[in-house]
Amino acid sequence: MEIQKQSKQQQQEFALASITELTSSSSTSSSCSDSQSVPVIARFSADNGVAGLRFNRDSESTDSISVDVRTAQLFKLGPSQSVCIAEASGAGTGKEKYSTGVTVQFRNEEESRAFHCAFEQWKKKDTVQGTSMPNGAVTSCKSKFEDKIEPSSAKMYFHYYGQLLHQQNMMQDYVRTGTYYAAVIENRADFFGRVVVDVGAGSGILSLFAAQAGAKHVYAVEASEMAEYARKLIAGNPSLGERITVIKGKVEEVELPEKADILISEPMGTLLVNERMLESYVIARDRFLVPNGKMFPTVGRIHMAPFSDEYLFVEIANKALFWQQQNYYGVDLTPLYGSAFGGYFSQPVVDAFDPRLLVAPTICHVLDFTEIKEEDLYEIVIPLKFIASVGTRVHGLACWFDVLFNGSTVQRWLTTAPGAPTTHWYQLRCVLSQPLYVMAGQEITGQLRMVAHNAQSYTLYLTLSAKMWGPGAEQGGILQTSSCKLDLKEPYYRMSQPQAYAMAQDQQPHQPIHTQDIHIQAADDLEEPELIQPPPQNLDGQLQ
């Protein structure tokens with residue numbers, strides 16, 4: 001498809017096979033294409049904030065038919081033929097507006113779909129950018145995405161995901177990519193002959209998987225410049241690409257020519273919710289999915305457990321020692337020590353840790369993507385309650401997530417749990433600046449509160465408390481409490497740091513993981529991470 005975009009003039013062009021004008025002012029029809037050697041161009045443009053559509057013999061021709069997109073309607077006559085009905089004016093004639101119909105013949109069905117998508121987008125763009133009111137005023141409104149997200153954050157976000165090296169980083173996560181592939185291919189019955197929408201398509205790899213599974217058509221929606229790379233990749237796989245249409249835009253703003261039977265997306269960030277793409281996934285569900293349609297993934301779970309890690313605690317605390325210098329080139333830095341100490345503990349730690357550091361059985365919080373409302377993701381409050389399995393110092397809360405692909409044939413889980421094959425998400429730990437002391441069997445309570453902010457992430461508020469333990473505990477209150485506030489947007493990526501845990505003998509570093517080597521179990525079959533074990537009760541007897 002020949003599509004050219006010029007951002008400064010806000011134009012979008014399509015090459016057509018032919019057009020035929022049908023007007024009420026004439027009993028005859030006229031064709032704007034006499035032969036295949038004379039191309040017909042349909043050009044969308046924004047003139048003074050008003051979206052318009054003009055049909056020309058070629059990009060330089062003045063012989064044209066102009067259509068006001070605000071009042072126009074587009075109807076399908078066949079797979080590659082449509083008719084546009086609107087009020088229009090003849091270019092350069094000075095005539096008053098009159099009703100017109102333009103029959104459009106496309107070169108193929110895919111270009112017909114793309115034109116219909118563009119028509120709806122430009123029609124909506126006119127509403128979003130500004131609508132002329134009877135009194136001459138202009139009212140404007142932002143999309144839902146723009147209302148929630150700071151422009152600078154969105155710009156950096158789309159720039160990041162518009163680069164191939166970052167797409168490669170995700171695609172080379174073979175646990176992630178292999179699980180998606182298995183979930184799609186093993187559930188062909190859910191995709192075969194169905195319309196699929198890929199939400200945040202990126203490189204288009206999931207769209208290609210859906211096409212491999214027999215999808216009737218896939219609409220790959222991608223807002224970043226990666227959309228152009230996706231078009232290139234899909235065009236390079238023509239047997240699949242003929243059933244895929246790439247649409248550049250946000251799911252909050254684009255229009256699709258038909259509803260989807262199934263959504264597929266990879267909306268998960270660190271701690272599942274980082275980057276706030278889950279909200280876009282839910283919006284896509286509400287806008288595009290047919291009733292009782294399927295979503296891949298279907299459910300997400302955040303898993304949590306308290307942990308003990310003296311090495312990590314000391315490592316973070318020691319970072320602030322720099323600010324304890326009293327004679328730094330003649331300057332006393334100690335006034336900033338407290339702020340620096342708190343700043344280092346405000347960063348969630350992202351790394352892969354040994355599951356034996358967990359000191360209590362895990363709990364989880366479930367997010368059902370088929371039911372949850374977008375507003376429910378603005379603030380997530382999770383009550384915490386654990387029973388310590390060993391007496392130790394609790395340094396904070398460890399978190400990870402998994403998602404379920406609830407297919408009709410096979411249910412697949414993608415997990416980021418400690419001890420499982422490592423993914424590019426790793427795990428996350430919230431470290432307390434004041435650890436808690438607990439005994440085996442003691443109850444640990446608290447709350448994890450996650451509040452979304454306009455930088456496409458969350459502020460985390462964690463509180464952990466150790467209740468009185470032993471005889472009379474039912475009459476006792478809270479013994480000790482520790483809290484912290486963390487910014488999920490600014491984590492401490494610890495993967496480049498030396499690890500304090502010995503590597504298992506059968507675990508070789510830098511070995512590529514192949515999809516066929518990964519056995520993904522259902523979540524119910526996954527073993528609970530091994531916890532720190534209490535010491536033997538009778539040491540004297542063992543030493544004899």
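This passage describes the fold of a predicted model, from its overall make-up to its sheet, helices, nonpolar cores and aromatic pairs.

The protein chain of the predicted model contains 13 helices and 28 strands, and of its 544 residues 48% count as buried. Among the contacts in the protein chain with a separation of 6 or more, those between residues 24 or more positions apart account for 71%.

One part of this arrangement is an open sheet of five strands, paired in parallel fashion and ordered 15-14-13-16-17. Strand 15 (244-248) and strand 17 (289-296) stand at the edges of this sheet, where each has a single partner strand, so that one side of each is left without a neighbour in the sheet. Direction ignored, neighbouring strands of the sheet are turned against each other by 25° on average. Within the sheet, strand 13 runs parallel to strand 16 (residues 260-265) and is joined to it by four bridges, and Val196 stands opposite Ile262 of strand 16.

The surroundings of strand 13 can be followed from Val195, which is found in that strand (residues 195-199). Val195 has a relative accessibility of 5% and therefore counts as buried, the cut-off for this class being under 20%. When residues up to four places away in sequence are not counted, Val195 touches Lys216, His217 and Tyr219 as well as Glu258, Lys259, Ala260, Asp261 and Ile262. A further relation links Val195 to Ala215, which is 20 residues apart from it in sequence, with a C-alpha to C-alpha distance of 6.2 Å.

Helix 10 (residues 277-288) lies across strand 13, strand 16 and strand 17, and its direction makes an angle of about 150° with that of strand 17. The helix has 12 residues and reaches 16 Å from its first C-alpha to its last, which is close to the 16 Å expected at 1.5 Å a residue. Helix 10 is mostly covered, with 10 of its 12 residues buried; the buried positions are Met277, Leu278, Glu279, Ser280, Tyr281, Val282, Ile283, Ala284, Arg285 and Phe288.

Helix 5 (residues 174-185) likewise has 12 residues, and its reach of 16 Å between the first and last C-alpha is close to the expected 16 Å. Because 10 of the 12 residues of helix 5 are buried, this helix is largely enclosed by the rest of the structure. Its buried residues include Val175, Ala182, Ala183, Val184 and Ile185, together with Arg176, Thr177 and Tyr180.

In soluble globular proteins, nonpolar side chains tend to be buried together. In the present model the largest nonpolar core has 98 residues, of which Leu448 and Met450 touch the most other members. Leaving aside neighbours within four places in sequence, Met450 is in contact with Leu271, Val273, Ile302, Tyr378, Glu379, Ile380, Ile382, Tyr458, Thr459 and Leu460. Apart from this core lies another, of 24 residues, among them Ala42, Leu53, Ala114 and Phe115.

The aromatic rings form 23 pairs with centres within 6.5 Å. One of these pairs is made by Phe14 and Phe115, which are edge-to-face with 5.4 Å centre to centre and 80° between the planes. Since Phe14 lies in strand 2 (residues 11-16) and Phe115 in helix 1 (residues 109-129), the pair ties together parts that are 101 residues apart in sequence. Both Phe14 and Phe115 are buried, and both belong to one aromatic cluster that is formed by Phe14, Phe44, Phe106, Phe115, Phe119 and Trp122.

Tyr160 and Tyr161 form an aromatic pair that is edge-to-face, with 4.9 Å centre to centre and 80° between the planes. The two partners fall into separate accessibility classes: Tyr160, at 35% relative accessibility, counts as partly exposed, whereas Tyr161, with a relative accessible area of 16%, is buried. In helix 3 (residues 151-161), which holds His159, this histidine has a relative accessible area of 56% and is exposed, the class being set at over 50%. The C-alpha atoms of His159 and Glu225 are separated by 7.5 Å, although these residues are 66 residues apart along the chain.

Notes:
Residues are numbered from 1 along each chain as its sequence is written. This is a predicted model: local features need pLDDT of at least 70, side-chain atom pairs count only at pLDDT 80 or more; totals for chains, interfaces and linings use all residues. Side-chain values use heavy atoms; hydrogens and water are left out. Helices (H or I, at least four residues) and strands (E, at least two) are DSSP runs, numbered from the N terminus. The expected span of a helix is 1.5 Å times one less than its number of residues. Buried means under 20% relative accessible area, exposed over 50%, partly exposed in between (1.4 Å probe, protein chains only). Contact means heavy atoms within 4.5 Å. Two strands pair if DSSP finds at least two bridges between them. Axes are lines fitted to C-alpha atoms, for helices over the stretch in contact, and angles run from 0 to 180 degrees between N-to-C directions. A nonpolar core is a set of buried Ala, Val, Leu, Ile, Met, Phe, Trp, Tyr and Cys residues joined through side-chain atoms within 4.5 Å. Rings of Phe, Tyr and Trp (its six-membered ring) pair if their centres lie within 6.5 Å; planes under 30 degrees apart count as stacked, over 60 as edge-to-face and the rest as tilted.
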